[in-house]
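Visitor: I would like a close look at one part of this model. Please take me through the salt bridges, and then show me what lies around them.

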Amino acid sequence: NSERMKLEADRFASGAGPGARVIAEVGLDAETGEWYYLTLRPDKIAPNHISTVLGTLMELAERLDTEELRFRLSLPPGSRDTFRKDVKNMMKQLLDHQQSKLDKQRGQQRGNR
């Protein structure tokens, strides 16, 4: 695949011989769960410690977006964090609203026949 070809081209360009150990920086596609190559890291002499890797994976897994962070930072000390419950309720309201709009459109279409 193109990621592998780019990695091999970068290895060759870096002068790393066959079998030489190099450190690569990779990313994780949150949608597909697949890793992808970004670049070689000639500035590093050792890979990240497993605790760093696991911490990064936990951050990615949590997928904290800007709105959630702003909500949580705005909570007064000692108050309950209801973000997920509130979002779930709002999603239900949005779906109910969408269904209502569809029902209304269908009713209008029947009336036009």
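Guide: Here is a walk through the salt bridges, followed by a surface patch, a pocket and two distances. This is a predicted model, so some limits apply: local features need pLDDT of at least 70, side-chain atom pairs count only at pLDDT 80 or more, and totals for chains, interfaces and linings use all residues. Residues are numbered from 1 along each chain as its sequence is written, and side-chain values use heavy atoms, with hydrogens and water left out.

Start with the idea. Side chains of opposite charge can pair when their charged atoms come close. Here a salt bridge means a side-chain nitrogen of Lys or Arg within 4 Å of a carboxyl oxygen of Asp or Glu. A search of the whole structure finds eight of them.

Take R4 and E8. Their side chains meet in a salt bridge at 3.5 Å, N to O. Both sit in helix α1 (residues 2-14), four residues apart, so about one helical turn separates them. Helices are DSSP runs of H or I with at least four residues; strands are runs of E with at least two; both are numbered from the N terminus. R4 is exposed, at 51% relative accessible area. E8 is partly exposed, at 35%. The cut-offs are these: buried is under 20% relative accessible area, exposed is over 50%, and partly exposed is in between (1.4 Å probe, protein chains only).

Next come D43 and R41. Their salt bridge spans 2.8 Å, N to O. D43 is exposed, with 56% relative accessible area. R41 is partly exposed, with 25%.

Now look at D81 and R72. Their side chains meet at 3.2 Å, N to O. D81 is partly exposed at 38%, and R72 is partly exposed at 31%. This pair belongs to a network of salt bridges that links E68, R72, D81 and R84.

Turn to the surface patch. V87, M90, M91 and L94 form a nonpolar patch with about 370 Å² of accessible area together. Patches take residues with over 30% relative accessible area and no salt bridge; like charges are joined within 9 Å, and nonpolar side chains (Val, Leu, Ile, Met, Phe, Trp, Tyr) within 5 Å. The areas come from the Shrake-Rupley method with a 1.4 Å probe, and for residues only the protein chains shown count as cover. V87 lies in helix α4 (residues 83-111). M91 is in helix α4 too. M91 is partly exposed, at 45% relative accessibility.

Then the largest pocket. It holds about 380 Å³ of space. A pocket is found on a 1 Å grid over the protein atoms alone, as an open set of points where a 1.4 Å probe fits, with protein on both sides within 12 Å along at least five of seven lines; lining residues have an atom within 4 Å of a point. Grid points are joined across faces, edges and corners, and the volume is the space filled by probe spheres set on the points. The lining has 16 residues, and A24, E25, V26, N48 and V53 lie nearest the centre. β1 (24-29) and α2 (50-62) each supply at least two lining residues.

End with two distances. R63, in the loop between α2 and α3 (66-73), is exposed at 52%. R63 and Q108 are 45 residues apart in sequence and 41 Å apart in space, C-alpha to C-alpha. M91 and P77 are 14 residues apart in sequence and 27 Å apart in space, C-alpha to C-alpha.
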